[in-house]
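Got the viewer open? Let's take a walk through this one together, one selection at a time.

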Amino acid sequence: VIEEAIRSLREISNNLSPHILNDFGLGRGVGNFINKLPAKGKIKIAFETNLRNERFDTDVEVILYRVICELINNSIKHSGGTEIRLDITHSEDMLTVGYSDNGRGFNPRAMMDVGMGLSNIESRIASMKGKSEITSIKDKGMKARIKVDPKAKKMQENAERQYRAVIVDDHALFRGGLKGLLLYHGIVVTGEASDGVEFLDMLPGLDADVVMMDIDMPRMNGIE
């Protein structure tokens, strides 16, 4: 049971912010995601990139990775298509993502709030001062084009104040994955701790609106 729980924990963390992305960057991270897709045999994915060893701000890499994964998953689950084309290019201080599938298409405005994550994609790209355009025609697939200046590291401040969170958990893999997920949804992680004692040591200088704490940790848990 313990081994199964650890294995599930690693899978969750790896999906949210995989070590390939953290260690080798956006191009390798996306390529690894595509290669490991269990449903890849049902839909052909043509992926091209001129990225080699370039590294960008962590926020840029994580958000673009999650956006691309969401687009691919949407096509596999909903499009009914047989082909996806994806290219990531870096030139003239601009990262450009081109994406398309040959599926059944949809009305982008009508699909913004029905669980396909399109509005979330637009808001996350906008948070990096980037531009995104998603178009689709019935029975003629969909296209997405995203442009981001990777040097614009400072996230665009929302009209409303961003929430700040602290993660307290004794599994570093899980903390890393959860941090990536929160970042994707616009929540800034201002601190991490491996148990309750370490968290208490952080309190004097803590800057957070919410604390996410595991209830089963060594030394001091979330209940104590």
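Start by selecting Arg175 and Glu192: their side chains meet in a salt bridge, with N and O 3.1 Å apart. This pair links distant parts of the chain, since Arg175 sits in helix α6 (residues 172–184) and Glu192 in strand β7 (residues 188–193), 17 residues apart. Color the two by accessibility and you'll see that Arg175 is buried at 13%, while Glu192 is partly exposed at 32%.

Keep Glu192 on screen and add Lys179. Glu192 forms a salt bridge with Lys179 too, and here the closest N and O atoms are 3.7 Å apart. Once again distant parts of the chain are linked: Glu192 is in strand β7 and Lys179 in helix α6, 13 residues apart. Lys179 is partly exposed, with a relative accessible area of 37%. Show all three residues together and you have a network of salt bridges made of Arg175, Lys179 and Glu192.

One thing to keep in mind as you click around: this is a predicted model. The average pLDDT of the protein is 80, and 79% of the residues score at least 70. Select residues 154–160 to find a stretch where pLDDT stays under 50; the model gives that stretch eight contacts beyond four places in sequence.

How many salt bridges does the structure hold? There are six. For another of them, select Asp93 and Lys151, whose side chains meet with N and O 3.4 Å apart. Asp93 lies in the loop between β2 (83–91) and β3 (94–101), and Lys151 in the loop between β5 (142–148) and β6 (164–168), so this salt bridge ties together parts that are 58 residues apart in sequence. Is each partner buried or exposed? Asp93 is partly exposed, at 41% relative accessibility, and Lys151 is exposed, at 61%. In general, side chains of opposite charge can pair when their charged atoms come close.

Next, switch to the cartoon view and pick out β6. This strand is mostly covered, with four of its five residues buried. Which way does β6 run relative to β7, parallel or antiparallel? The two run parallel, joined by five bridges. Turn to β8 (residues 210–213) and you'll find that β6 pairs with this strand as well, in the parallel sense, over four bridges. Ala165 is a handy residue to click here: its bridge partner in β7 is Val189, and its bridge partner in β8 is Val210.

From β7, follow the chain into the loop that leads to α7 (196–202), and stop at Asp195. With 5% relative accessibility, Asp195 counts as buried. Look at where its side chain points. A polar atom of the Asp195 side chain lies 3.1 Å from the backbone nitrogen of Val197, and the side chain also reaches the backbone nitrogen of Glu198 at 2.8 Å. Now bring up the neighbors from elsewhere in the sequence: leaving out residues up to four places away, Asp195 touches Val168, Met217, Pro218, Arg219 and Met220.

Time to head for the greasy part. Nonpolar side chains tend to be buried together in soluble globular proteins. Here the largest nonpolar core has 37 residues, and those with the most contacts inside it are Leu64, Ile72, Leu86 and Ile88. At least two core residues come from each of α3 (26–35), α4 (58–79), β2, β3, α5 and β5. Which of the elements gives the most to this core? That's α4, with 10 residues.

Zoom in on Ile72 to see what surrounds it. Not counting residues up to four places away in sequence, Ile72 touches Phe33, Ile34, Leu37, Ile45, Ile84, Leu86 and Tyr99.

For the last stop, select helix α5 (residues 118–127). Which of its residues are buried? They are Leu118, Asn120, Ile121, Arg124, Ile125 and Ser127. Then step just past the end of α5 to Lys129, which takes a positive phi of about 60°.

Definitions and conventions. Residues are numbered from 1 along each chain as its sequence is written. Side-chain values use heavy atoms; hydrogens and water are left out. A salt bridge is a side-chain nitrogen of Lys or Arg within 4 Å of a carboxyl oxygen of Asp or Glu. Buried means under 20% relative accessible area, exposed over 50%, partly exposed in between (1.4 Å probe, protein chains only). A polar contact is a pair of N or O atoms within 3.5 Å; within protein, one must be able to donate a hydrogen and the other to accept it, and residues adjacent in sequence count only if both atoms are side-chain atoms. Contact means heavy atoms within 4.5 Å. A nonpolar core is a set of buried Ala, Val, Leu, Ile, Met, Phe, Trp, Tyr and Cys residues joined through side-chain atoms within 4.5 Å. pLDDT is the predictor's confidence in each residue, from 0 to 100. Two strands pair if DSSP finds at least two bridges between them.
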